[in-house]
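Student: I'd like to take a close look at one part of this protein. Could you walk me through it slowly?

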Amino acid sequence: MWAAGDCVESVQRLSGQRVVVALGTHANKQGRVIGVNIGGGYATFPGVIGTAVTKVCELEVARTGLSAAEADTGYRYVTASVDSTTRAGYFPAIWNEMGVDEILGLDLSYAPPFAPVWDPVLIAARKAFDAVEADTHT
Ligand SMILES: Cc1cc2nc3c(=O)[nH]c(=O)nc-3n(C[C@H](O)[C@H](O)[C@H](O)COP(=O)(O)OP(=O)(O)OC[C@H]3O[C@@H](n4cnc5c(N)ncnc54)[C@H](O)[C@@H]3O)c2cc1C
């Protein structure tokens with residue numbers, strides 16, 4: 001018996017908790033895992049990190065990882081925010097379990113049509129790094 005898509009739970013890679021995230025991105029990957037296994041191969045679904053994006057008129061909204069409310073269930077955490085007008089690209093930092101100190105050194109692309117010279121991801125990482133530093137010394 002195989003199941004995939006909106007009817008299944010996934011493992012949240014950051015918390016290890018089982019979550020229900022009804023998104024086509026996961027349904028497609030899970031369906032492929034089933035197909036590979038039924039075809040005699042071996043594949044597993046690696047889990048989710050809560051990535052989603054939507055757009056309402058000109059307002060673009062995205063998220064990934066744990067929200068503050070989700071982290072509030074037992075994690076020590078800090079928050080940092082940044083305002084930006086740029087478009088966000090796919091960014092695998094959480095997937096690779098990088099710390100904010102490692103993100104600071106990422107060689108991200110810069111060209112006027114795509115991002116400012118200081119990519120908002122780097123600006124956010126810098127603010128998060130400062131917040132972690134401040135939290136560490138309290
Ligand atoms: C309005 C809307 C917008 C969305 N936008 C996004 C998005 O931007 N990005 C994203 O990642 N996800 C999005 N999603 C979620 C995404 O569509 C679902 O997560 C995904 O389609 C789930 O795939 P699934 O195969 O589990 O289920 P479904 O795609 O719902 O497929 C289930 C199929 O089973 C059929 N079925 C039901 N009962 C029976 C039965 N008894 N016998 C035979 N067939 C049956 C249904 O007709 C359907 O075709 C959106 C969903 C909605 C509703």
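Student: Which residue in β4 does Val53 stand opposite?

Tutor: Val53 stands opposite Ala62. Keep in mind that this is a predicted model. Let's start with the strands around that pair. Strand β3 covers residues 52–56 and strand β4 covers residues 59–63, and the two pair in the antiparallel sense over five bridges. Together β3 and β4 make a hairpin, with two residues between them. Look at Cys57 in that turn: its phi is positive, at about 55°. While you have the strands on screen, here's a handy bit of background: in a regular strand, side chains alternate between the two faces of the sheet.

Now for where the hairpin sits in the whole chain. The protein has four helices and four strands, and from the N terminus on they run β-β-α-β-β-α-α-α. Of its 138 residues, 18% count as buried.

Next, go to Arg63, since β4 takes in residues 59–63. Arg63 forms a salt bridge with Glu70, and their closest N and O atoms are 3.1 Å apart. As a general point, side chains of opposite charge can pair when their charged atoms come close. Is either partner hidden away? Arg63 is partly exposed, with a relative accessible area of 36%, and Glu70 is partly exposed too, at 34%.

The structure holds two salt bridges, so let's visit the other pair as well. The side chains of Arg76 and Asp135 meet at 3.3 Å, N to O. Arg76 lies in the loop between α2 (68–71) and α3, while Asp135 is in helix α4, so this pair ties together parts that are 59 residues apart in sequence. Arg76 is exposed, with a relative accessible area of 67%, whereas Asp135, at 24%, counts as partly exposed.

One last stop, again with charged side chains. Asp101, Glu102, Asp130 and Glu133 gather on the surface in a patch of negative charge. Helices α3 (100–103) and α4 (120–136) each supply at least two residues of this patch. Take Glu102 as an example: its place is in helix α3, and it is partly exposed, with a relative accessible area of 45%.

So, to retrace the tour: you began at Val53 opposite Ala62, followed the hairpin of β3 and β4, met the salt bridge of Arg63 with Glu70 and that of Arg76 with Asp135, and ended at the negative patch.

Definitions and conventions: Residues numbered from 1 in each chain as written. Predicted model: local features only at pLDDT ≥ 70, side-chain atom pairs only at ≥ 80, totals over all residues. Heavy atoms only, no water. Patch = residues over 30% accessible without salt bridge, like charges linked within 9 Å, V, L, I, M, F, W, Y side chains within 5 Å. Areas by Shrake-Rupley, 256 points an atom, 1.4 Å probe, with all protein chains shown as cover. Salt bridge = Lys/Arg side-chain N within 4 Å of Asp/Glu carboxyl O. Lys, Arg positive; Asp, Glu negative; His and termini not counted. Charge placed at Lys NZ, Arg CZ, Asp CG, Glu CD. Buried < 20%, exposed > 50% of the residue type's maximum accessible area, 1.4 Å probe, protein only. Pairing = 2+ DSSP bridges.
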